[in-house]
Amino acid sequence: MVELKVPLTLPAVVICALLFDLAETVPPFDPYKVLGVTKSASQAEVKKVYKRLAKEWHPDKNKNPEAEDMFIKITKSYEILSSEEKRSNYDRYGQTDDTQPYGHHGHHPFHDHFYFDESFFHFPFNAKDGRDFADSKYLLHFNQYVSDIVPDSFKRPYLIKITSDWCFSCIHIEPVWKESVQELEPLGVGIGVVDVGYERRLANHLGAHRTPSILGVINGKVTFFHYAVVRQHLRQFVEDLLPQRLVEKVTDRNNHQFLNSWHEINKPNVLLFDQVAIVPLLYKLTAFAFKDYVQFGYVDQGLTETVNLLKQFNINTYAPTMLVFKENTDKPADIIQAKGMKKNIIDEFISNNKFLLAPRLVNQKVFDEICPVKQFHRRRKYCVLLITSEEESFVTGNKAFLSLASTNTNEALRFAYVYQRQQQPLCDTLLRNRDSTPPQVVILERRNGAGKALYKPVLSGWNGSEEDKHRLLEELQRLQKDPSILNHDAILPELNNEFASMFLIRWVFAACDYLTQIIDDLLHNNWREMMPLLSLIFSALFILFGTVVIQAFSDSSEEKPAKPKPKDASKTENGSPNNTSASSRPPKKSFVEVTELTDITYMSNLVKLRPGHTNVVLVLTDATKNILLSKFAKEVYSFTGCLTLHFSFLNVDKHSAWMDSLLEFVQDAMQIDADEDESGNRKVDYTGYVLALNGHKRYLCLFKPVYTGEDPDKSEEEGAAPGARSRSSSREEHQHQSRKGTTRLRSTTLQIHHKLDRLGLWTERLLEGTLPRYYIPAWPGLDKITVSKS
């Protein structure tokens, strides 16, 4: 259809004559001339020329006013010559089916010869007008689809249109597409447009081999739309993409079962009251977006089976109402009511009620959201964790903990609980060397993503009494004033997934959905679109079958020699008390590489150390070497993943003069304790000092030993010092002098062991860059060895 915009004073006959005369003078469209190739050119030559010309005439790179029209001609020419069928039709008749929508073979289409200004003619199928409905806003690229659309499809479905600039059939569906986008996008449906001329790779990836095509993407799976392009059909297509079991119908019969399921599923429950018999699409989309956090139910106010529910919660029948229930099923935790509920209001309402007042930590994902890792630019978050059990004898204490959590108004505190039987590794880590009998309350703060956390157990356990509540509240008040009361640190293991057993049920539901789609594709004979799905299914079956075969024919005898290894390890630990570092190493790595700083390694490990790298040096003596190295390995183990940190030790018995000359630049700012020897000379005990040396910028950071003052008897039970194990070597009461000497040796050993108690926190500050730095004009030489006096 051509719309003429001409003055009424000109005769129509003259205008028509001018148009047809112009049609005879304008040369026909020739794709070979546009690309500059011959008719005998191969497909590889055509593709090579097309890439070069498309890059040269792309409107984003070429500022020529004719670049856009030229780019369209180049794209259209490549579409014709890259298709064997279209190229054959053009060579025979001078046009293809796409270039002659209204004529027959042998007649040149009228519109192929004209490129009029829009002020004179208005072509509804013009390439520029094809995007008047802001299609450029929804254009997708391959990388964008893979990195953004596919992950986001697990939260909301996407409706994608496959089109091209020269697709005349796309014009017919444009009004319906526009109306559908205006209706579905505000509800939360993602919209995308793929232009085959620009993103052929993405179109092939989606399995779209013709234009126009409409498809849906949900949970990373692509489903094609096969019906007439009508707004009602597109809306129903989006609803069919969603899982069938998102929203449960709730009546007077099953409302108690629905609301009381919070303990089993560990989620809040949301009820929507409305007068519509069918669940609104907006509510279904919201349920899909928050399916991992909240369980959704729908109450039809028009049914006689819901009268008691309306009376119980005093529901206003004139407007939709949404209620959130947490641990208390008799009273909603939050409520919202409005005649026209918008998506942003509902999303904000659900986001503020995603968790229970005291949720159970059932997997690592919940732990990360309830107890987030400390962020330096945010306020600290503390987690009050109850370690308990599901037995009936613990119900009273659990209810008391929940009652205390319901009164919490401090956003910095999060209450949660775990079952010791389901999360045994975590509980063993937090209750190590203590009474591990639940229930116990632990206050913790996570410091980094590697699992490091500071924590403090609340003494005397937890029975839910008023005295226990008062003691816990006092500890929380102290924590707000002094965060340093969290005086224990540990590497927390990853939590077990308690819902892993439900994977089989989810797999069965997913298999049913796949089978439904296969049947649908078979009915529509879309074999090319069905091939990726069939390939995925057969690949999964092949992998499953191969795994079974490998396990069936594997030699189980290889695992038998590995069983006595734990016994050997325990024997080594008990039989060689000097090797304490082997028993204290974390299970992830067998050693921490610590080299000695000598005159040989002095240049490579300090003076010529690479820029940005730091050498953390432990100062020790021959007598304290084994004890301090073991403690040093424990404290720095969590930082071994940092590539800019190196770990060494310096024997001060050999290089005390080097320490004296180096710390001359630090003594003005640090008060170093010194003792006087028999001759009256000032002697400094450098044992346990740690130096962070930056060889390139010539500065150091100093760690001064701190003794925490822990109970020697308790530390002795932990096996902190090898020398302390000889406590029971003498049992005769008349050897009083020998026992007195043993006690003095034990106390000295414990003090040396605890000199590095705060090294982990100091290393964190070193990485943060908050430690004071002391600059050295030049590194002193390490060639001199101090002669030890006998």
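P212 is placed in the loop between α8 (200–206) and β5. The peptide bond that joins T211 to P212 is cis in this predicted model, with omega at about 0 degrees. A second backbone feature worth a glance concerns N266, which has a positive phi of about 60 degrees although it is not a glycine. N266 is found in the loop between α11 (262–265) and β8 (269–274).

The strand that follows the cis bond leads straight to a sheet. Four strands, in the order β4-β3-β5-β6, make up an open sheet with mixed pairing. The edges are taken by β4 (190–195) and β6 (221–224), each of which has a single partner strand, so one side of each is left without a neighbour in the sheet. From one strand to the next, the twist averages 25 degrees. Strand β3 (residues 158–163) and strand β5 (residues 213–218) run antiparallel and are joined by five bridges; for I160, the bridge partner in β5 is L215. Helix α7 (residues 169–184) packs on this sheet, where it touches β3, β4 and β5. The direction of α7 makes about 160 degrees with that of β3.

A further open sheet is formed by five strands, and here the order is β13-β12-β14-β15-β16, again with mixed pairing. Its edge strands are β13 (413–419) and β16, and each of them pairs on one side only. The twist of this sheet averages 35 degrees from one strand to the next. Toward the β16 edge, β15 and β16 run antiparallel, with four bridges between them. One residue to follow here is K452, whose bridge partner in β16 is I491. Helix α18 (residues 466–481) lies across β12 (382–388), β13, β14 (440–446) and β15. With respect to β14, helix α18 runs at about 15 degrees.

The loop between β15 and α18 also contributes to an aromatic contact. In total, 17 aromatic pairs are counted in the model. Among them is the pair of F401 and W462, which is edge-to-face, with 6.0 Å centre to centre and 90 degrees between the planes. This pair links distant parts of the chain, since F401 belongs to helix α16 (residues 395–406) and W462 to the loop between β15 and α18, the two being 61 residues apart.

Strands β15 and β16 come up once more when the interior spaces are examined. The count comes to two cavities of 30 Å³ or more. The second largest cavity has a volume of about 60 Å³. Which residues line the second largest cavity? Its lining is made up of K452, L454, L486, N487, H488, D489, E635, D757, R758, G760 and L761. K452 thus appears both in this lining and as the bridge partner of I491. At least two lining residues each are supplied by β15 (452–457), β16 (488–491) and α28 (759–768). By residue class, the lining of the second largest cavity divides into five charged, three polar and three nonpolar residues.

Conventions
Residues numbered from 1 in each chain as written. Predicted model: local features only at pLDDT ≥ 70, side-chain atom pairs only at ≥ 80, totals over all residues. Heavy atoms only, no water. 1 Å grid on protein atoms, 1.4 Å probe; cavity = no way out; pocket = protein on both sides within 12 Å on 5 of 7 lines; lining within 4 Å. Points joined across faces, edges and corners; volume = space filled by probe spheres on them. Nonpolar A, V, L, I, M, F, W, Y, C, P; charged D, E, K, R; others polar. Pairing = 2+ DSSP bridges. Axes fitted to C-alpha atoms, helices over the stretch in contact; angles between N-to-C directions. Contact = heavy atoms within 4.5 Å. Phe/Tyr/Trp six-rings, centres within 6.5 Å; stacked < 30°, edge-to-face > 60°.
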